[in-house]
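Let's take a relaxed tour of a protein model, looking at its empty spaces, its charged pairs and one of its sheets. Have the structure open and follow along.

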Amino acid sequence: MKNNKAYLTVKDYSVSGELFQLLYNEELDLLETSPRPSSEDLGKYYNTEDYISHTDSKRNLFEKVYHLVRATTLKRKRKLINSFKTEEKKLLDVGCGTGDFLSLCKQNEWQVVGIEPNVDARNIANQKVNSNIYDIDRLEAFEQNSFDVITLWHVLEHLPNLEAHLLIFKRLLKPNGKLVIAVPNYKSFDAAYYKEFWAAYDVPRHLWHFSKKSINKLVSKEGLVVEKILPMKYDAFYVSLLSEKYKKGFMNPLKAFWIGLRSNLKARGSGEYSSLIYIIKKDQN
C-alpha cells in the first residue's frame with residue numbers, strides 16, 4: 001500500500017525479537033506490518049511451542065486457564081452461528097487450528113470443513129472431524145456458493161492478500177450466507193494503554209491491524225456489507241495479561257484484569273472493544 005505513514009515500532013516478543021514498523025494507511029484507517037516477511041520466511045515466525053492455537057497442550061496455569069476460557073467462548077461462537085437462518089448448515093472455518101470449534105459445531109449437525117495451514121494443528125484437527133481439514137490451497141477448489149457460514153476467528157490479520165481472500169469468501173458464500181470475521185481492534189483502550197507492548201499487534205504474524213472503519217471499507221470494496229458488530233470481551237483480559245508480560249517481564253494478573261476491565265467499561269459507549277466480531281453478508285443492492 002502506498003503513502004503509508006509510520007505509526008509505531010513494535011517488537012516480536014514471541015519468537016524472533018526483531019523490530020517491525022506499523023505503517024498507517026489513511027484511506028483505509030488500517031495498519032500494515034513492515035517489513036512483511038516473505039511467504040517462504042513467514043512460517044518460521046510460528047515455530048514456537050507458545051503459539052497456543054496450534055496445540056492442545058496444558059503445560060502450565062496460563063495454558064490451563066486459556067483452554068478453560070476457550071471452552072466458554074467456543075460455545076458462544078456456536079450459539080452465534082446457530083442463530084443464523086441456514087439452508088443446509090454447511091460451515092467453513094478458515095484457520096481452524098486444532099479443530100475444537102468445528103468439533104463442537106459438528107455435535108449440532110453442522111457439516112463442517114476446515115482450512116489450517118499449520119500441518120501439526122491440521123493433523124490434530126483431522127482426528128476430531130473425520131479428515132475434513134485442508135491446507136489453504138484447497139480454498140480455490142471449493143465450488144461457488146458452497147457454504148452457509150464462513151468463519152475466521154482471529155485469522156484475517158494473518159492473510160497476506162486481503163482483497164483476494166475476501167473475494168474468495170464472497171464466491172464461496174451462499175447468497176444469504178454469513179461471513180463471520182473476528183479481529184483485534186487497535187482503537188481499543190488496551191491498545192492505547194499498552195502501545196508498543198500491546199500483545200494483539202503480534203508482529204509479524206499479524207500482517208494487518210484493523211479498526212471498524214477499515215473493515216467496513218475493505219469489505220464494501222468487494223461487494224460485501226457489515227450487518228452487525230459484536231464484542232469479544234474476554235479478549236481484553238487475555239491480551240492485557242500477555243501485554244503485561246511484554247511490558248514488565250511477568251504477567252501481573254491483577255493489573256491485567258484491571259486494564260481489561262477498564263477497556264471493556266470504556267468500550268460500552270464507543271463500541272471499541274479489544275476484539276470485535278463482524279457479521280458480514282453479500283451486498284444485495
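How do the residues of the lining of the second largest cavity divide into nonpolar, polar and charged? They split into seven nonpolar, two polar and one charged. Keep in mind that what you are looking at is a predicted model.

## Two hidden spaces

Rolling a probe the size of a water molecule over the atoms shows where empty space is left. Searching the whole structure this way turns up two cavities of 30 Å³ or more. The second largest cavity, the one we just asked about, has a volume of about 40 Å³. Its lining is made up of Glu157, Pro184, Tyr186, Trp198, Ala200, Tyr201, His206, Trp208, His209 and Phe210. Since Glu counts as charged, you can spot the one charged residue of this lining: Glu157.

The largest cavity holds about 50 Å³ of space. Around this cavity you'll find Val10, Lys11, Asp12, Tyr13 and Ser14, along with Glu196, Trp198, Ala199, Asp202, Val203, Arg205 and Tyr246. Here the lining residues come out as six nonpolar, one polar and five charged. Look out for Trp198, too: it is in the lining of the largest cavity and also in the lining of the second largest one.

## Charged partners

Side chains of opposite charge can pair when their charged atoms come close. In this model the count comes to 14 salt bridges. One of them joins the side chains of Asp29 and Lys187, with 2.9 Å from N to O. This pair links distant parts of the chain, 158 residues apart: Asp29 sits in the loop between β2 (19-25) and β3 (30-34), while Lys187 sits in the loop between β8 (173-184) and α6 (189-194). Is Asp29 buried or exposed? Asp29 has a relative accessibility of 5%, so it counts as buried. Its partner Lys187 is partly exposed, at 37% relative accessible area.

Next, try Glu227 and Lys178, whose closest N and O atoms are 2.6 Å apart in a salt bridge. Glu227 belongs to strand β10 (residues 224-231) and Lys178 to strand β8, so this pair ties together parts that are 49 residues apart in sequence. Lys178 is buried, with a relative accessible area of 15%, whereas Glu227 is partly exposed at 40%.

Glu272 and Lys212 make a salt bridge as well, with their closest N and O atoms 3.9 Å apart. Glu272 is in the loop between α9 (253-270) and β11 (275-282), and Lys212 is in helix α7 (residues 212-221), so parts 60 residues apart in sequence get tied together. Lys212 is partly exposed, with 21% relative accessible area. Finally, a network of salt bridges links Glu87, Glu88, Asp148 and Lys174.

## A four-stranded sheet

Strands of a sheet pair through backbone hydrogen bonds, either parallel or antiparallel. This model has an open sheet of four strands, ordered β1-β2-β3-β9, with antiparallel pairing. Which strands are at the edges? They are β1 (5-11) and β9 (208-209), each pairing on one side only.

Zoom in on β3 and β9, which pair in the antiparallel sense over two bridges. Leu31 has His209 in β9 as its bridge partner. You have met His209 already, in the lining of the second largest cavity.

Notes. Residues numbered from 1 in each chain as written. Predicted model: local features only at pLDDT ≥ 70, side-chain atom pairs only at ≥ 80, totals over all residues. Heavy atoms only, no water. 1 Å grid on protein atoms, 1.4 Å probe; cavity = no way out; pocket = protein on both sides within 12 Å on 5 of 7 lines; lining within 4 Å. Points joined across faces, edges and corners; volume = space filled by probe spheres on them. Salt bridge = Lys/Arg side-chain N within 4 Å of Asp/Glu carboxyl O. Buried < 20%, exposed > 50% of the residue type's maximum accessible area, 1.4 Å probe, protein only. Pairing = 2+ DSSP bridges.
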